[in-house]
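Trainee: Could we go through this one together? I would like to see how each label is earned.
Mentor: Gladly; ask away.

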Amino acid sequence: MSTPRSILMVGEGNFSCSAAVVRQFSPESESSITATCFQRQEEALRRHEGTATNVQMIRDSGGVVLFEVDATKLGECAALRGLVFDHVVFNFPHRGRKSGVLKNRQLLKNFFLSCVQVLAEDGEVHVALCNGQGGTPADKPKREWHNSWQVVAMAAEADLILSNVYPFESEKYKSYKCTGYRSQDKGFHLENALLHVFTRSLPYSTAQKLKVEEAVEGERVQYYIPAELSDYTFRQFLFPGSVHPVRLVQDFLLKGLAEKWSVSMTTETHPFLLASEKLKFCHEIDDTCCYRIHLLHKDLNSCNQTSTALHTHVDKQKDPAVFLDGQTHTDSLLTLSGTCVTSDKADRGKNKVAECLRSTCYHDVDTEGESIFVLRPSLLPQMEEPFTHRLKEEEREELTSDTGNHEGKGNTYSVEVKANENKHLYGCCNGFTRQLFGVSGRVFRNVPISLWGLPAFHELLLRGVFPAACEPIKLLGQSLEALLAPYGVSLVMEHGSLRLMAEPMGVVGKVFTSKGNDLISQVGVNVSLNLDLLAVLLFSLPDWRLLWSHDPRFLECFLLSPPPGKPFRPFSLFPERFSFDISLWTGPAWEEREFHAVVREASGGTVEQVQLIDTFSRLDPSQTSHCYRLIYRSHTHALSHTKALGLHKHLESLLPSRLQVTVR
C-alpha cells in the first residue's frame, strides 16, 4: 500500500490533470486530492471543454473541488484554513495573455510565499514549466538567466530549495489536456517540459562567539572561539560509527595503507589551543595564518569559592546554544563538560550576580599586545611529544623482542591496518617495520575567503621513523598514489617533499621529513592529509561547505557507507549566485584577514569568494579605499536575492565598529 498523501492542485483550468491523478489512485489508497481553480465556477465550465465531467469524477472519488482560489493567496482561503498538504502542485503557471518574464517571476514568487503556508514540514512543491522558462541547466537549451523565470531564485524567497527536476511526462496522464495558453482554451508546448520539485530549507543560524575551557599544559584556561568558527568547532565527524564522508575517507585511506604499512591511531586527547612557540614544529605554516587567542585567566586565590557556584548556575540554564548540535566535543581530541562551553547569548542571559562573579574572577590577558596562544593550525606540534615517547617504547620493545612488528601500546589502538606478514614484500625495510603512528582531528587556518579556502578542516597526520636508505617518502608516495590517483590526485616532488595535488582545489596533502632529526641514518617522515578536500574530491561534492551542513538529507546520502567514487547527489540543485560590491575607507591599522573574518561571521558562511577589484589613496596616505566584490551562494540553504542583500547590509553595519573603517 502506498504512503497516504494529501495533494493540493492549484491553477487548474479544466481539471483534467487532477482527474488524471485521481485515476492513478489505487482502490486501497488513502491519498486525497483538493483541486482549485482561479476562475468562478460558471466561467470555468463555460470556457473549458470537459470541465464538468472532470469535476464530477474528482468529487465522486472523494476529492474536493474549489473555485475562486488565488494560488498567490492560499493562506486567505477559508476552505483551506487549518489544512496542510504533502504535495502542492502548480502546472504551467502563467499570468495570462502576453505577460512578460517579470510578471511571471512575480507570479512564481507570490505562489511560493503563499504555498508554504499550507505545506507540510516535509512536503513538496511541484511546478511544471515549459522548456527554458525555469532558467536552470536542466533546460535544454538553457535560456539566458535574465530572460528566464528564475524559478530557483523565486522559490528561495520562500525558503524553498530545488531538490529534483524531472521531464514532465504528459503521456503518464493520458486524459490530461493542457489548457490556458495566453488565457485561451489552448495548450502549452509540452515538448521537453520539466517538473521542478521543491522542498523546505533549514533556517539560517546566527554565528555566536563561544567561551571554551580547556586544559592546556597542565592549566585550566578559558578563551573565546571566534564567532566565524562557531559552526566548525564542536561536531562529531570523526566519532566512531560516524558515516560522515570525512570519516569514510579516513577509513578508506587507513584501510588502503594497511596493505603495506602498519598504522596505530592514537586516542590521546589534545586541546584546540596551542602555545605559539610550538608553531616551530609546524611545516610550511605561516603564523599569520593562525587564529590568535587571548586567554581569560582565572584568579584562583580570589575565585576558588565562587567558580563552583558560577558553573552550577551556567549548567542549570540548559541554554540550547551551550552545545552545537547538542553534543560535546568528542571527535576533536578533547572532552568538555556542560559547564565548559557557553555562547555569548547564554553569557548575556546570566543574572547580575553571575556577571559580578565573572568580572572579579577573570581578566583578559594581553601581554604587550601579543597573543601567546593560537588555535592549532596543525596536529604536528601536539603529536611531537607522544610520538617521541612512542618511539622510545618501540626501542625498549626492540631490545626484548626478536620480531619487528608490534601492536600499538598505551593510549593507542590498532585499527586493523597491520602490514602484510610477508616482510620481504611489505613488512620491513632493512630490518625496520613500516610502522606509522597517526592522529586525526580538526585544525584551523585564518585564510582569505576563496572557493577552496577552508578556515577549519580535519587533518589526518601519520608519522614514522625509517632508514634513510629505504627512501620512505618515495614508498609512502607510491602507496598514496595507488589509492588516490584514480580520483585525480597527482604527486609532485618539491625540495625533497611530496605534494598531493588535485584540480580544482590544489594541495590536498603533503609528505615531508621532520625537522631536527638527530639520527643521520634515519629519517622522520610525516604524512599530512586534508580529509575535507579529499572527501569533496572522492565523493564529487560541489562545495566543501556541504560537509558542515546540518541538513539531515546530507548524511542520508552516506548512511550505507558508499565507497569513494560514488558521486554525491545534491539535495539543493542549481543554487543561484548573487554579487554585491562594498567600498571602504581604511586606516594604517587595516588588516585584510580581519575583514575576511567579519565577512564570514556576518554572511553565515554564504560568501564563497571575495575579490579585491580596486584600491586608491587620497593625498593623505593614512586613508586608502578598498573595493571588494563579494559573491554569495549556498549549497545548503535557500539563498534568495532578498536574503543575500540582507546579509550584505548586516555586514555593512558591522564593519565600522569591528574594524574602524568607513563604508563608502
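Trainee: What percentage of the 664 residues in the protein is buried?
Mentor: Buried residues make up 53% of the 664. Keep in mind that this is a predicted model. The protein has 17 helices and 29 strands, and about 31500 Å² is exposed, with carbon and sulfur atoms supplying 50% of that area.

Trainee: What is the mean pLDDT of the protein, and where is pLDDT below 50?
Mentor: The mean is 82, and 78% of the residues reach 70 or more. Over residues 298–339 the pLDDT is below 50, although the model gives this stretch 75 contacts beyond near neighbours in sequence. Residues 343–370 also stay under 50, with 47 contacts beyond four places in sequence. Where pLDDT is low, predicted coordinates should not be read in detail, so I would not lean on those contacts.

Trainee: Why is Val 525 called buried?
Mentor: Its relative accessibility is 0%, and the cut-off for buried is under 20%, so Val 525 counts as buried. Val 525 is in strand 25, residues 522–530. Among the residues it touches are Leu 462, Phe 466, Ile 473, Val 511 and Phe 512. The C-alpha atoms of Val 525 and Val 465 are 6.1 Å apart, with their positions 60 residues apart along the chain.

Trainee: Which residues have the most contacts inside the largest nonpolar core?
Mentor: They are Tyr 223, Leu 253, Leu 273, Leu 375, Leu 462 and Val 511, in a core of 83 residues. Leu 375, for example, touches Tyr 223, Leu 273 and Phe 444, among others. A second, separate core of 55 residues includes Val 118, Leu 129, Ala 602 and Leu 654.

Trainee: What makes Trp 585 and Phe 616 an edge-to-face pair?
Mentor: Their ring centres are 5.4 Å apart, and a pair needs centres within 6.5 Å. Their planes are at 75°, and over 60 degrees counts as edge-to-face, so the label fits. The pair links distant parts of the chain, with Trp 585 in strand 26 and Phe 616 in strand 27, 31 residues apart.

Trainee: Is each ring of that pair buried or partly exposed?
Mentor: Trp 585 has a relative accessible area of 12% and is therefore buried, while Phe 616, at 35%, is partly exposed. The count of aromatic pairs comes to 21, and Phe 90, Phe 111, Phe 112 and Phe 198 form one aromatic cluster.

Trainee: How do you know that the charged end of Lys 209 sits over the ring of Tyr 224?
Mentor: The charged end is 4.5 Å from the ring centre, and the distance limit is 6 Å. The charge must also lie within 35 degrees of the ring normal, and Lys 209 is listed as sitting over the ring.

Trainee: What is notable about the backbone at Gln 150 and Ser 540?
Mentor: Most residues other than glycine have a negative phi. Phi of Gln 150 is near 50°, and Ser 540 has a phi of about 55°, both positive values in residues that are not glycine. Gln 150 is in the loop between strand 5 and helix 5, and at 7% relative accessibility it counts as buried. Ser 540 is in the loop between helix 14 and helix 15; at 42% it counts as partly exposed.

Trainee: Which peptide bonds are cis?
Mentor: One joins Lys 140 and Pro 141, with omega about -5°. Another runs from Glu 503 to Pro 504, with omega near 5°.

Methods
Residues are numbered from 1 along each chain as its sequence is written. This is a predicted model: local features need pLDDT of at least 70, side-chain atom pairs count only at pLDDT 80 or more; totals for chains, interfaces and linings use all residues. Side-chain values use heavy atoms; hydrogens and water are left out. A nonpolar core is a set of buried Ala, Val, Leu, Ile, Met, Phe, Trp, Tyr and Cys residues joined through side-chain atoms within 4.5 Å. Buried means under 20% relative accessible area, exposed over 50%, partly exposed in between (1.4 Å probe, protein chains only). Contact means heavy atoms within 4.5 Å. Rings of Phe, Tyr and Trp (its six-membered ring) pair if their centres lie within 6.5 Å; planes under 30 degrees apart count as stacked, over 60 as edge-to-face and the rest as tilted. Helices (H or I, at least four residues) and strands (E, at least two) are DSSP runs, numbered from the N terminus. Accessible areas come from the Shrake-Rupley method with a 1.4 Å probe; for residues, only the protein chains shown count as cover. pLDDT is the predictor's confidence in each residue, from 0 to 100.
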